[in-house]
Structures are given as C-alpha cells and as structure tokens.
Amino acid sequence: MNVVVLVGKVIELPYMRETASGYQCATMLISVDRPFANSEGVYEQDEIAVTLWKGIAQTTCDVCVVNDVVAVKGRMATHLNRRDNVTYRNYEVIAEKVTFVKKADHS
C-alpha cells in the first residue's frame, strides 16, 4: 500500500502550471517537523515538495497562504533517471487530498 500522510506548514506557495497535455498542476513546499530531537536537542524540519493535480491544484492555489498548516494525504512516486551508467531515483509526493488544519494569522 502506497500512502503518505504529512502535516506541515506551507513555506512556499503553490504555483499553477499546465502540462503539454493540458492538465493543471501545481507544486507547493511544506515544512514538516521531525518527531525526535537531534543530538543537540533541536527538533529539525524537512522541507517536502508536494505535487497537486487538477481540482486539488486549483483549490489549493486559490486559498493557500504562507504559514497555513495543511494535512496532505497522497502517495509517493518514484522517477528513475539513468546517467553515465548510474541509476538515480527521484521521489515525489503526489497529493490526493489537502486539508487546511490551521489558517495563518495575518493580523
């Protein structure tokens, strides 16, 4: 089963683009806290790019602002690239659902 669930803060707004075949697509960057402290006692964050398609992309682009907290349910996709007889794997989170947990306070 390929299921990814992330909860994090939006640090880069999604930007809409269109594929050559006419599909709407967007990518946003979220910061996700790690559940453990490092050797200095600091809780680090991972910056994770999330790809959004079609209606999810449009809706998220319309309402999302930096510092919103979002929950993303989706799947992981792997893209293989071969260069100089070496295979590289690139991973991508594809969102199937985006829920706004907390809207950013802009007062």
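**View 1. Leu-52 and its surroundings in the predicted model.** Once the neighbours within four places in sequence are left aside, Leu-52 is in contact with Pro-14, Gln-24, Cys-25, Ala-26, Met-28, Ala-57, Thr-60, Ala-95 and Val-98. This view, like those that follow, is taken from a predicted model. Leu-52 is also one of the residues that touch the most other members of the largest nonpolar core, a group of 16 residues in which Met-28, Ile-30, Val-50, Val-70, Val-72 and Val-98 share that distinction. Two or more residues of this core come from each of S1, strand S2 (24-37), strand S3 (43-53), S4 and S5, and the element that gives the most is S2, with four residues.

**View 2. Thr-60, a residue of the helix that lies across the strands.** Helix H1, which covers residues 54-63, lies across S1, S2, S3 and S5, and its direction makes an angle of about 125 degrees with S3. Thr-60 lies in helix H1, and its relative accessibility is 2%, so Thr-60 counts as buried. Apart from neighbours within four places in sequence, the residues in contact with Thr-60 are Pro-14, Met-28, Leu-52, Val-98 and Phe-100. The student who has just looked at Leu-52 will recognise Thr-60 from the list of contacts given there.

**View 3. Trp-53 in strand S3.** Trp-53 lies in strand S3, and with a relative accessible area of 34% this residue is partly exposed. Which residues touch Trp-53 when its neighbours within four places in sequence are left aside? They are Thr-19, Tyr-23, Gln-24, Cys-25 and Ile-94. Although Trp-53 and Asn-38 are 15 residues apart along the chain, their C-alpha atoms are separated by 35 Å.

**View 4. Cysteines without a disulfide.** A disulfide is a covalent bond between the sulfur atoms of two cysteines. For a pair to be counted here, the two sulfur atoms must lie within 2.5 Å of each other, and by this rule the count comes to zero disulfides. Cys-25 is in no disulfide, and the nearest cysteine sulfur, which belongs to Cys-61, is 9.3 Å away. Why does Cys-64 form no bond with Cys-61? The sulfur of Cys-61 is the closest cysteine sulfur to that of Cys-64, but the separation is 7.9 Å, and therefore the two are too far apart for a bond. Cys-25 is buried, with a relative accessible area of 2%, and Cys-64 is likewise buried, with a value of 7%.

**View 5. The hairpin formed by S4 and S5.** Strand S4 (residues 69-83) and strand S5 (residues 86-102) run antiparallel and are joined by 15 bridges. Within this pairing, the bridge partner of His-79 is Asn-90 in S5. The two strands form a hairpin with two residues between them, and in the turn Asp-84 has a positive phi of about 50 degrees. In a regular strand the side chains alternate between the two faces of the sheet.

**View 6. Two further pairings, one antiparallel and one parallel.** Strand S1 (residues 4-18) runs antiparallel to strand S4, and six bridges join them; here Val-4 stands opposite Gly-74 in S4. S3 and S5, by contrast, pair in the parallel sense, over two bridges, and Val-50 stands opposite Val-93 in S5. Val-50 has already appeared among the core residues that touch the most other members.

**View 7. The strands drawn together as a barrel.** Five strands make a closed barrel in the order S1-S2-S3-S5-S4, with mixed pairing, and from one strand to the next the twist averages 45 degrees. The chain contains one helix and five strands, and, when it is read along the sequence, these follow the pattern β-β-β-α-β-β. Of the contacts between residues at least 6 apart in sequence, 57% join residues at least 24 apart. Buried residues account for 28% of the 107 residues in the chain, while the accessible surface comes to about 7,300 Å², with 51% of it belonging to carbon and sulfur atoms. Taken along the principal axes, the C-alpha atoms fill a box of roughly 50 × 40 × 25 Å.

How values were computed. Residues numbered from 1 in each chain as written. Predicted model: local features only at pLDDT ≥ 70, side-chain atom pairs only at ≥ 80, totals over all residues. Heavy atoms only, no water. Buried < 20%, exposed > 50% of the residue type's maximum accessible area, 1.4 Å probe, protein only. Pairing = 2+ DSSP bridges. Core = buried A, V, L, I, M, F, W, Y, C linked by side-chain atoms within 4.5 Å. Contact = heavy atoms within 4.5 Å. Axes fitted to C-alpha atoms, helices over the stretch in contact; angles between N-to-C directions. Areas by Shrake-Rupley, 256 points an atom, 1.4 Å probe, with all protein chains shown as cover.
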